[in-house]
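Visitor: I am new to reading protein models, and I would like a close look at a single part. Could you take me slowly through the second largest pocket?

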Amino acid sequence: CRGSENEPNALRLIGQVLTYRKDYQKAISLQQESFEKARELDLKLDMTQALRDLAVTNLAMGNQNKAIDYFTQARDMATEFGLREDLKDIYQGLVRVYEDRHDYVKSAHYKGLLLDLKDTLYNIEFDQKMSGQLFSYEIDKKLNEIALLNTEKELQEAVLKRQKFAKNAFVVGSLMLLVIAFILLRMFRLKVKTNRILDKQKDQIENLLLNTLPSEVVRELKATGTTTPRYYESVTVLFSDFKGFTNLASDLTPIELVHLLTVFFTAYDNIIGKYGLEKIKTIGDSYMCAGGLPNPDENHIHNIIRAGLEIQEYMTQVNADRADRGLPGWELRIGIHTGPVVAGVVGEKKYAYDIWGNTVNTASRMESAGEAGRINVSRDTYELVKDRFACTYRGKISAKSIGDIDMFFVDYEIEKKEERSVEIAAT
């Protein structure tokens with residue numbers, strides 16, 4: 001492909017392989033050549049990706065300043081030409097390099113930009129699947145209606161024939177009665193079969209809706225065809241995110257990565273379901289749930305803390321097992337904040353239940369300002385749980401677009417620790 005528009009991409013991909021094999025000098029040479037070829041051909045996407053790969057290779061070599069320079073150039077081009085997927089990789093690279101330099105202010109800045117970008121890129125595969133199911137249901141319904149109309153037409157024609165030939169002979173009339181009885185039986189069986197198919201598809205659609213929306217919202221949609229946004233005075237929001245996700249993901253194939261995230265998020269679903277919490281959504285490696293909606297619950301704050309502690313315990317077990325097999329651990333950060341939100345369904349064709357408000361933004365900042373393996377909560381949440389949970393004050397910590405916030409680490413549930421102490425003393 002020498003001299004063609006495919007040449008820059010081919011050179012860049014070979015450079016990625018060389019970087020993976022730690023042949024950094026050859027990798028940089030090919031990546032620079034890729035950039036120059038792309039610039040000659042005015043290929044903006046290939047230029048941006050070549051700069052990003054140069055940054056990644058320099059970061060792998062420990063050349064942090066060069067990595068930052070290449071990432072910055074790539075960021076500017078990706079922003080200018082609207083290359084969102086590449087911009088996500090660039091932000092992840094900048095987060096990593098600033099964390100390696102212990103520049104947590106800039107790291108937090110790019111992590112915030114990354115979170116905002118993820119909101120516009122998160123996977124809508126499930127919504128597309130539901131839309132496909134709804135479309136299939138409508139097509140089958142129409143086909144069944146046509147079949148019923150055809151059957152009714154056959155019946156009408158048979159009745160007309162009976163009336164015409166009944167005048168001529170009793171035998172002919174009797175035969176027509178048999179024909180009518182046969183058609184009626186056939187129509188009845190077809191109707192029963194059609195109703196079974198429709199009921200099955202109706203159950204499938206309803207199950208899909210229940211996997212996407214709270215049961216109360218589904219009932220409202222079925223009854224009125226619409227939903228009304230609701231204001232909640234007190235809701236507790238939990239965000240989780242994996243530290244170093246880009247590095248962990250780079251060692252896995254896409255299929256392995258999706259499978260592993262499915263295993264983790266399924267375990268989270270089971271845990272929050274046990275405590276009566278509502279899953280809101282996942283964005284990449286981030287997981288979001290809330291307590292106190294759609295049905296208000298005075299115990300939701302304590303339950304969401306318990307769920308967070310149980311999720312961290314689950315990840316500790318996972319990482320212990322992975323360590324025994326010589327695999328890297330997945331370090332999870334959890335942030336929690338309590339306050340008012342507005343909740344409702346977004347869209348009219350592809351339904352998505354979501355929540356809005358400063359409470360959501362603050363909970364997200366609690367997660368990004370936390371530490372791996374810990375649960376980070378705001379003072380608002382701490383004041384509501386301090387009688388039941390032992391917490392460690394972290395001081396005032398700056399949060400993007402919010403300012404300094406008092407933050408606390410949740411250590412353990414006081415009552416459970418006292419129970420364990422009594423059990424140990426009894427033995």
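Guide: What follows is a walk through that pocket, with two short stops elsewhere. Please keep in mind that this is a predicted model, and that the values below were computed from its atoms.

The second largest pocket has a volume of about 900 Å³, and of the 35 residues that line it, the closest to its centre are Glu99, Ser107, Lys111, Arg333 and Ser368. When the lining is sorted by class, it has 12 nonpolar, 10 polar and 13 charged residues. Several elements each supply at least two of these residues, namely the helices α5 (84–100), α6 (104–121), α10 (245–250) and α13 (358–368), together with the strands β1 (230–242) and β7 (389–399). Of the contributors, α6 gives the most to the lining, with 10 residues.

The next stop is a pair of strands. Strand β4 (residues 332–346) pairs with β5 in the antiparallel sense over 5 bridges, and within this pairing glycine 344 has aspartate 354 of β5 as its bridge partner. The two strands form a hairpin with 5 residues between them, and in the turn glycine 347 has a positive phi of about 85°. Because 4 of the 5 residues of β5 (residues 352–356) are buried, that strand is largely enclosed by the rest of the structure.

The last stop is glutamine 49, which is found in helix α3 (residues 44–61). Glutamine 49 counts as buried because its relative accessibility is 12%, which falls under the 20% cut-off. Its side chain and that of aspartate 86 are joined by a polar contact of 3.1 Å.

Note on methods
Residues numbered from 1 in each chain as written. Predicted model: local features only at pLDDT ≥ 70, side-chain atom pairs only at ≥ 80, totals over all residues. Heavy atoms only, no water. 1 Å grid on protein atoms, 1.4 Å probe; cavity = no way out; pocket = protein on both sides within 12 Å on 5 of 7 lines; lining within 4 Å. Points joined across faces, edges and corners; volume = space filled by probe spheres on them. Nonpolar A, V, L, I, M, F, W, Y, C, P; charged D, E, K, R; others polar. Buried < 20%, exposed > 50% of the residue type's maximum accessible area, 1.4 Å probe, protein only. Polar contact = N/O pair within 3.5 Å; in protein donor to acceptor, adjacent residues only side chain to side chain. Pairing = 2+ DSSP bridges.
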